[in-house]
Amino acid sequence: MTGSTAASFTADDYRARMERAARTAAEAGLQGLLVAPGPDLVWLTGYTPPAVTERLTLLVLAAGQDPVLVVPALEAPDAHRAAGAAALTLRDWTDGKDPYAATAALLDASGRLGISDNAWALHLLALQQAMPGTSYASLTEALPMLRAVKDAAELDLMAAAGAAADATFEEIRNVPFAGRRESEVAADLDRLLRRHGHEQVDFTIVASGPNGANPHHEAGDRVIARGDTVVLDFGGLRDGYGSDTSRTVHVGEPTDEERRVHDIVREAQEAGFRAVRPGAACQDVDRAAREVIADAGYGEYFIHRTGHGIGVTTHEPPYMIEGEERPLVPGMCFSVEPGIYLPGRFGVRIEDIVTVTEDGGRRLNTTTRELVIVE
């Protein structure tokens, strides 16, 4: 199976995103945004530079003025071909010229600016030198919800990525587990995700037996044995949008305790999902899932937040965690993934991507959440 064609976002789509970003920045008290190569630049313009170099590439956004992409002259032809190029002005610079002075001329030299989290220190320091009266805030700090609410086309892409991850699980549950290394099963997951249309695989966690008690275990040389509980957590990007799902399987028949722990996590995941509705706080999702696990006596073994946002990256705001009072809004997409991790023994995690609807939530992963027996 191959991936479907990505939705064709138009220059108007990118124009609307840039206008919204500039407007939101102004509302947050910022005089402008500086967007370096990375997920934010792709989302705002459709442009991915052909290579990561020390040469400055920077999108400059400010309310009331046209967006400008400062780009090295040798990469300008690629920038002109970007889907959002018609919605912005390209200002190229050649080696030997000062791109920071050119950037400074586009901005309020005494204002507070938002800047991409992944901007190089080299560039930020040079901008500060060119505009000593400016101060800066990371985009995650200043505009954490910039990409959080997805439109209809983005939700279609998220759903397709989730369906591809589900198809991968339906196949992986039928491959041999016993007698194979974790890394071999992880390679199967990578191959299947790509077969189902993923252009990028970000993680393929295969955590067997005691390794399952480490939520971010990287698949290694441990040979999976009969009697092992195995946590599978995998995902990446399909047509530019993320998938991320976790299921826990068992090699042969589980013990009563293994079934009981799995049932508790399944009930916690269901409780977290039922807490999703417009206006609820992000922390309400975490509280609902955590309460089930704590009431069952395993609270100290649930050692991470209940969820994270997902979109053009597989981890982004919002976060389902205690203290996050931000309200849920239709179109937000995030994971609901409680777990129990028993050191030296085994772990269980169940994860779906969920999107907020007008009256609740919708799962983008629909494979069984029951304990699956594998061979």
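**A quick tour, starting at Trp 120**

Select Trp 120 and you land in the loop between β5 (112-115) and α5 (121-130); helices (H or I, at least four residues) and strands (E, at least two) are DSSP runs, numbered from the N terminus. Before moving on, know that this is a predicted model, where local features need pLDDT of at least 70 and side-chain atom pairs count only at pLDDT 80 or more, while totals for chains, interfaces and linings use all residues. Residues are numbered from 1 along each chain as its sequence is written, and side-chain values use heavy atoms, with hydrogens and water left out.

Trp 120 is partly exposed because its relative accessibility is 36% (buried is under 20%, exposed over 50%, partly exposed in between, with a 1.4 Å probe and protein chains only).

Now add Val 52 and Leu 122: with Trp 120 they make a nonpolar surface patch, with about 320 Å² of accessible area together. Patch residues have over 30% relative accessible area and no salt bridge, and nonpolar side chains are joined within 5 Å, like charges within 9 Å. A salt bridge puts a side-chain nitrogen of Lys or Arg within 4 Å of a carboxyl oxygen of Asp or Glu. Areas come from the Shrake-Rupley method with a 1.4 Å probe.

Next stop: Arg 17, in helix α1 (residues 11-27). Arg 17 is buried, at 6% relative accessible area. Show its contacts (heavy atoms within 4.5 Å): leaving out residues up to four places away in sequence, Arg 17 touches Phe 9, Trp 43, Leu 44, Asp 151, Glu 154 and Tyr 241.

Last, the cysteines. How many disulfides does the structure hold? Zero, a disulfide being a pair of cysteine sulfur atoms within 2.5 Å. Pick Cys 282: its nearest cysteine sulfur, on Cys 333, is 13 Å away. Cys 282 is buried at 0% relative accessible area, and Cys 333 is buried at 1%.
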